[in-house]
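Please open the structure in your viewer and keep the sequence beside it. The tour below goes from one selection to the next and says what is found at each stop.

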Amino acid sequence: MSGTTLPSHAHVVIVGGGVMGVGLAYHLAHEGWHNVILLEKAELTSGSTWHAAGQITHSTSSFGLGKCVDYNIGLYSGALEAETGQAVTWHGCGSFRLAYTQDEMDWLRHTLSVGRALGFNIELVGSDRVAELHPFYNLDGVLGALHTPDDGHVDPSGVTMAMAAGARQLGAKIIRQCRATNIMQAESGEWVVETEQGNIRCEHVVNAGGTYARQMGEWSGLQLPMTSMTHHYFVTDPVPEFADLDTELPVIRDDRKVSGYIRMEQKRGLIGIYEKENPNSVWHDHCPWDYENWLFDADYDRVMPWLEESLNRMPIFADLGISRDVHGAISHPPDGNPLIGPAPGVRNYWCCCGTQIGIGWGPGLTRELARWMVHGAADISMRDYDPRRFGAYATKDWQVTKAHEDYKLRHEIPFPHFNRLDGRPIKPSPLYDRLKQKGAVYEEVYGHERPRWFAKEGVAQRDHYSFRRNVVHDMVGAESRAVRERAGIMDISAFTKIEVTGLGAEALLERLVANRLPQKPGGIALTHMLNRRGRIELETTIVKLSEGRYYLVCAAFFEQRLLDHLNQHHKDEEADIILRSNDWAALSLNGPKAREVLSACTDADLSNAGFKWLTAQEIKVAGHKLWAFRMSYAGELGWELHIPRDNALAVYDALWAAGEPYGIADYGSFAMNALRMEKGFKGAGELTNEVTLAEADVLRFARTDKDYLGKDTTLDPDLRWICAYLEIEPDGIVDGHGGEAVLLDGEVVGSIASVAFGHTIGKILAFAYVRPQVNVPGTELEVVIAGRPRNGRVLGEPVYDPQSRLPRTDIAMEAAE
C-alpha cells in the first residue's frame with residue numbers, strides 16, 4: 001500500500017521488499033505475529049529480486065538447506081497459489097546436473113545419499129537418459145548426471161507478490177515508497193526506524209536490505225559482511241527447435257563447461273554464467289539509493305569463454321542473436337552463505353540479507369528465521385547462516401576479496417572440507433610460522449588459523465581434495481596413532497576463551513547452564529547453554545579459577561554467540577564478561593606419555609593425587625605461568641594448557657624438546673575429530689539449535705534440581721529423534737561426509753550428523769539422528785554412503801576405553817603397583 005499513513009509503533013519492522021523481506025513477513029504472520037510492518041523504498045522486488053533467473057533445485061549436499069529447498073518447491077508448485085489465489089508461474093521442468101570427471105561423479109553420489117535422507121525424487125543417470133529428455137545438448141565427455149525431476153523455475157516477482165498477498169491476508173502491512181533513512185536503538189531497548197514519512201518504533205527490526213543491507217547495518221554501528229557481485233544471464237532470440245515442443249526441457253547445470261546453467265525461457269534460450277576469472281564487484285562503499293530495477297551494461301569480454309562454450313554445448317543457439325542481456329548485482333557474503341539470524345552484539349536486530357540465491361533459498365530460510373524470532377530457535381541448524389559467524393576481522397577490503405573468491409567457486413565442486421585460501425592468514429596463532437615449517441596444513445575458523453593435519457614423508461603441504469580417501473587419510477592415521485600410543489600436541493588457540501568475574505558471576509552462569517557449576521576453585525564442568533525453546537545454544541567447558549572467577553572455553557565459531565548470550569541474559573548481577581580469545585593461546589597435550597613430557601617442563605606435582613582428573617591448576621611450564629586443565633578431548637591422559645599469547649611459542653618448544661625422546665607428534669583437527677568419535681564425544685555437528693539435551697542424548701550433563709533457561713522443554717521425554725552412535729563397515733574408498741541416509745529394513749529412519757574413520761579400530765564411526773525406537777544397541781542398519789548402502793550397527797558405548805580409565809588414571813603406574 002503506497003501512501004498509507006505510517007503507524008507510530010509495530011512489533012516488527014522489516015526494511016526491504018524483496019523476496020527475503022516479503023518472505024519473512026509472510027512467515028512471521030504464519031507463526032502468529034501479525035503486527036508486522038514491511039517498508040520498501042520503491043516497489044516490491046525492485047532491487048535484486050526482479051532480475052533473478054528464478055531456478056531452484058533439489059541438487060544440494062547440505063542437509064539443512066535441502067529441507068528449505070524442498071519446502072520452497074512445494075510452495076512454488078502449488079501451495080502458495082492455492083493459499084493466496086495469486087499465480088506464481090511455476091515451471092516444473094526438472095533439471096540435470098552434469099558430471100565430466102570422477103570427482104564430479106563422486107559429488108553427485110554424495111548428493112544422492114543426502115537426497116535419499118531427505119526423501120527427494122532424485123537419481124543418478126547416464127548420458128543416455130539426459131539425451132532422452134534433452135536431445136539438443138552436446139553431451140561429449142559427460143559421464144553421468146543427477147536427475148531431479150521435481151525441480152524447475154519460477155517468476156521471481158510472481159512469488160514475491162503472492163507471499164505479500166499471503167502476509168496481508170494474515171494482518172501484516174506492506175508500505176511501499178517509504179524509504180528508511182536510519183535505524184537506531186532507544187534507551188528503552190526499542191528500535192526506532194526513521195523514514196521519509198516519519199519514525200516508527202518497534203521491538204524487533206529486520207535488515208532485509210539486499211544490496212543496501214551493509215550500509216543499512218552501518219546506521220546501527222554494525223558490520224554486516226557482504227559485497228555486491230554482478231552476474232550475467234542472456235536470453236536468445238526465439239529457438240525454432242523449441243516451437244513445437246509439447247513439454248519444457250529440463251534445466252541443465254553444467255558446472256565444468258559452462259560454469260552456469262542453460263534452460264528454456266518460453267520459446268527462447270537462457271544462459272547464465274558465473275565466470276571463473278576476473279569477477280566484478282560494485283558499490284564497495286554504498287549502493288546508490290536511487291537505483292531501482294538497475295542493470296549494468298553487459299561485459300561480453302569477461303564472460304566470452306563460457307558463453308562460447310555454452311553455444312558449443314547448445315549448437316541450436318549458435319546462429320541466434322541475443323535478444324536480452326541481464327547483468328545485475330547480487331549480494332555475496334565472504335563464505336557464500338546468507339546472513340540469517342541475530343546481528344552481533346545487539347538485541348532484537350535481525351539479519352535477513354546477503355542471499356545470493358534468494359528464489360532458491362529464500363522462503364525456506366525466512367520460515368526458519370521466523371521460527372527463531374517467534375519461538376526462540378529454528379528447526380534446522382542455523383550455524384552456516386548465523387551472522388555472528390564473522391568477527392571484527394571481516395574488514396571491508398577482506399569482504400571484497402572473499403566475495404570474489406566465492407563468486408568464482410559458485411560452480412566448482414564443493415569438496416569435503418574445501419579450504420578457501422584467499423585473504424589469509426588473518427588471525428594466525430603465535431605458533432603459526434613454526435607449525436607451518438613443520439608441515440601444517442591450516443583451516444580458518446572464526447578468522448583463526450588452526451592446523452588440520454601435518455604433511456610428512458614427502459607429501460605435498462597443501463589440501464588434497466576428494467570425496468574418497470587420499471593421502472591425507474594416512475597422515476591423519478599416523479597422527480591418531482601417535483596420540484594413542486605416545487604423545488601428541490595440538491595448537492588449540494582458536495578456542496573461544498571468556499572470563500566471567502565478580503560477585504554475581506556465579507548467579508549469572510547458574511541461571512544459564514544446565515549442569516552444576518564447579519563448586520571448588522580448580523573445578524571443571526562440561527555444560528550446555530540453552531535457548532528459551534530448550535534447544536542447545538552451545539556447549540562450553542567452565543573452569544572455576546577462584547571464587548567469583550570463571551573461565552569459559554568453547555568452539556571458536558561460538559565466540560560472539562556466547563558473548564551475546566551472556567550479555568543479553570545479564571540482569572542485575574555484579575559480573576564482568578571479558579573476552580580472552582585474543583590474549584591467550586592454548587595447547588592440548590595428550591597420550592600415555594603426556595605426564596612424562598609435561599613433568600620434564602614443570603615442578604608441579606602431576607600425579608593422580610597431586611593433579612586430579614577434571615581439575616585445573618596454575619603452574620609454571622618452562623618458566624612461564626599458565627593454567628593447566630587436566631582433561632582430554634582425545635580420551636587419553638592429557639592436559640589443556642592456556643597460556644598468555646606471548647609465551648605460547650616458548651612453552652610449545654619446551655614441550656616438543658621434552659617429548660622427542662617419547663616420539664611426540666603434532667596433530668590437527670582431523671585427527672582430533674577421529675579421536676573424539678572413537679570416544680563417543682559429541683561435537684558441534686550434533687549439538688545444534690535443532691535439538692534438546694534429551695534428543696542429543698547428553699542429559700547426563702543436565703540437572704533436575706536447579707532452574708535454568710530452557711529447562712522444562714529440554715527435559716521433555718517426548719522425543720522427535722535421538723542421537724545414536726553407529727559403527728559402519730568401511731569399503732576402503734569412501735568413508736562418508738555427513739547428511740547421508742540411515743535405513744532400517746529399507747526405510748529411511750534418520751541421517752548422519754558426523755562421521756569419521758576410527759583408525760584405532762579400523763571402522764567408520766558416526767553420530768546419526770534417528771527415530772527413538774531405532775536407538776537400541778545392536779540394531780542392524782544400513783547407511784547410504786556414495787549412493788550405496790553399507791552395513792551399520794547401533795553401539796551402546798564408546799569403541800575406545802568405554803569406562804574412561806585412561807584419562808583418569810595412570811595405567812602404567814597402576815600396573816607397576
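How many aromatic pairs does the structure hold? The structure holds 28 of them, where rings of Phe, Tyr and Trp (its six-membered ring) pair if their centres lie within 6.5 Å. This is a predicted model, in which local features need pLDDT of at least 70 and side-chain atom pairs count only at pLDDT 80 or more, while totals for chains, interfaces and linings use all residues. Residues are numbered from 1 along each chain as its sequence is written, and side-chain values use heavy atoms, with hydrogens and water left out.

**An aromatic pair**

Select Tyr-274 and Tyr-407, whose ring centres are 5.0 Å apart and whose planes stand at 45 degrees, so the pair is tilted; planes under 30 degrees apart count as stacked, over 60 as edge-to-face and the rest as tilted. The pair links distant parts of the chain, 133 residues apart, with Tyr-274 in the loop between strand S16 (268-273) and strand S17 (281-282) and Tyr-407 in helix H9 (residues 396-409). Helices (H or I, at least four residues) and strands (E, at least two) are DSSP runs, numbered from the N terminus.

**Three places in loops**

Next, select Phe-296, which is found in the loop between S17 and helix H7 (300-313). Phe-296 touches Thr-230, Val-282, Trp-283, His-327, Gly-328 and Ala-329, not counting residues up to four places away in sequence, and contact here means heavy atoms within 4.5 Å. The C-alpha atoms of Phe-296 and His-232 are separated by 9.4 Å, and the two residues are 64 residues apart along the chain.

Go on to Pro-425, in the loop between H9 and helix H10 (432-437), where a cis peptide bond with omega of about 0 degrees joins Arg-424 and Pro-425. Then select Gln-266, in the loop between strand S15 (260-265) and S16; Gln-266 has a positive phi of about 55 degrees although it is not a glycine.

**Helix H2 and its partners**

Now select helix H2 (residues 63-84) together with helix H5 (residues 156-169), which pack at an angle of about 40 degrees with their axes 9 Å apart. Axes are lines fitted to C-alpha atoms, for helices over the stretch in contact, and angles run from 0 to 180 degrees between N-to-C directions. H2 and H5 are therefore oblique to each other, given that angles under 35 degrees count as roughly parallel, over 145 as roughly antiparallel, 65 to 115 as roughly perpendicular and the rest as oblique. In this contact, Leu-75, Tyr-76, Leu-80, Glu-83 and Thr-84 of H2 meet Val-159, Ala-162, Met-163, Ala-165, Gly-166 and Gln-169 of H5. By class, the contact of H2 with H5 has seven nonpolar, three polar and one charged residues, where Ala, Val, Leu, Ile, Met, Phe, Trp, Tyr, Cys and Pro count as nonpolar, Asp, Glu, Lys and Arg as charged, and the others, Gly among them, as polar.

Keep H2 selected and add helix H8 (residues 358-375), which packs with H2 at an angle of about 105 degrees, with the axes 8 Å apart. That makes H2 roughly perpendicular to H8. The residues of H2 in this contact include Leu-75 and Tyr-76, and those of H8 include Trp-361 and Pro-363; by class, the contact of H2 with H8 has ten nonpolar, four polar and three charged residues.

**An open sheet**

Three strands form an open sheet in the order S3-S8-S4, with antiparallel pairing; two strands pair if DSSP finds at least two bridges between them. Strand S3 (55-56) and strand S4 (90-91) stand at the edges, each with a single partner strand, so one side of each is left without a neighbour in the sheet. S4 is joined by two bridges to strand S8 (residues 152-154), and His-91 stands opposite His-153 in S8.

**A barrel and a helix across its strands**

For the last stop, select the six strands that close into an antiparallel barrel in the order S34-S37-S36-S35-S38-S39. Neighbouring strands of this sheet are turned by 45 degrees against each other on average, direction ignored. Strand S35 (residues 741-744) pairs with strand S38 (residues 780-785) over two bridges, and Val-742 stands opposite Val-783 in S38.

Finally, add H16, which lies across strand S34 (722-728), strand S36 (747-758) and strand S37 (763-770) and runs at about 120 degrees to S36. Helix H11 (residues 471-485) and helix H16 (residues 669-678) pack at an angle of about 60 degrees, with their axes 9 Å apart.
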